[in-house]
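Q: Got a model open here. Can we run through the basics together?

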Amino acid sequence: MQTVKMLTTKQFEQWLQQQAQIAIRYRQIEKSDLLAEYNTLKEVVESADFQSKRTKLLTTRYADTQEGSTMALYRQLSWNTSVILYNWLKKEAWKEKPEVVQYLELSAQIQTPEFQQANAFWKNPKRWFTTPESQQEKRYNELLKHADIVFFFQHTENEIAELESYKTVWTEECETAQLSAVWQTGFLYPSKEFKANHSHVSEQQAYTQGRNTQVANRVWSIITKKEKTTAPAWHPTKGMIMHNFAYTSDVWHTTEPIAPKSGVLQAKVRLTGNAKHVFCLTMANAKKSLHLLPADKVVKEAIYTLVWNEKEVVNYVNNMEVSRTQNPLSGEALHLLVRSYLPGNQKAGTGQLDIDWVRIYTK
């Protein structure tokens, strides 16, 4: 995760999907024939021999070639008096003259298919583009612009390894009408002897053991509504008592510690109404928790991310870092706890916590 400009939820979800696909695409290209061809051509095209030949064919003047020199000498000898007389009179005696001897040798040489082919090649100012090497260079340049090759070299092995290092530990995708079996209503206590399903007299809502919870359309909702009821509540001096409440809501925790000692917790959440909400990693009887929803940075709808390790806890809202604190639960495997509540010292009102999905990752 990085500290970047705030993204809307939709944009951030697209970004998350892109991150997941980057590593997959990178590895596919890494094993492809396309990249193998590119690497082979790159080695060839960037070699000293290849570049030397390319430079020679593109810059050498025809007049400076052996074929050009031969043709220049042949034309010069063609105007030599002895050669002209020989060609005109055809006297055998003239064949002994040095100029005629050289002329006849050159004449025979330039008539050979080998010389004519070489001469035509060097005489062509676009000779480089007739070579197999030019075709290799052309293909190499095509591959340089290929979308897969461009994509591959936009990323590094370290970056991909970092993406791949995160493994999914646990998810709640809310795909069925019920939460997964790991969830249980009530607070988290170290012993089953403790009464988990209770409320607090310092709050204005009673917890209903799941009756204020629904899972529909792939969304898990905890609904805080106005509803009179009498329910067990913890009093700081009287202990557990029956108490009258004007509102109801719900509290859930995981029966097992599903989060590792370090990792990433991420959830898409929508908040409406006046209720307050707790979404945290915790352990039984813990005085502190790792909160996914930062108290002073809560927004109506966002993807919240909590990154924790042995030393610190970092909160993100839609990929923007909002807080960084010391980890009070270092080295512990953690449970999830989710609840909505109405503080006793604030004006009460209805509210709703909607959770699209929850995901936990580790390295």
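Q: What radius of gyration does the protein chain have, against a compact globule of 363 residues?
A: The protein chain of this predicted model has 41 Å, where a compact globule of 363 residues would have a value near 21 Å. The radius is taken over C-alpha atoms, and the globule rule is 2.2 Å times the number of residues to the power 0.38.

Q: And what does the C-alpha trace span along its principal axes?
A: About 140 × 35 × 30 Å.

Q: Ground rules for the numbers?
A: Residues are numbered from 1 along each chain as its sequence is written, and side-chain values use heavy atoms, without hydrogens and water. As the model is predicted, local features need pLDDT of at least 70 and side-chain atom pairs count only at pLDDT 80 or more, while totals for chains, interfaces and linings use all residues.

Q: How many helices and strands in the protein chain?
A: 10 helices and 16 strands. These are DSSP runs, numbered from the N terminus: helices are H or I with at least four residues, strands are E with at least two.

Q: Where does glutamine 14 sit?
A: In helix H1, residues 9–30.

Q: Is glutamine 14 buried or exposed?
A: Partly exposed, because its relative accessible area is 39%. Buried means under 20%, exposed over 50%, partly exposed in between (1.4 Å probe, protein chains only).

Q: How far apart are glutamine 14 and isoleucine 24?
A: 10 residues in sequence and 16 Å in space, C-alpha to C-alpha.

Q: Back to the whole chain. What share is buried?
A: Buried residues are 40% of the 363.
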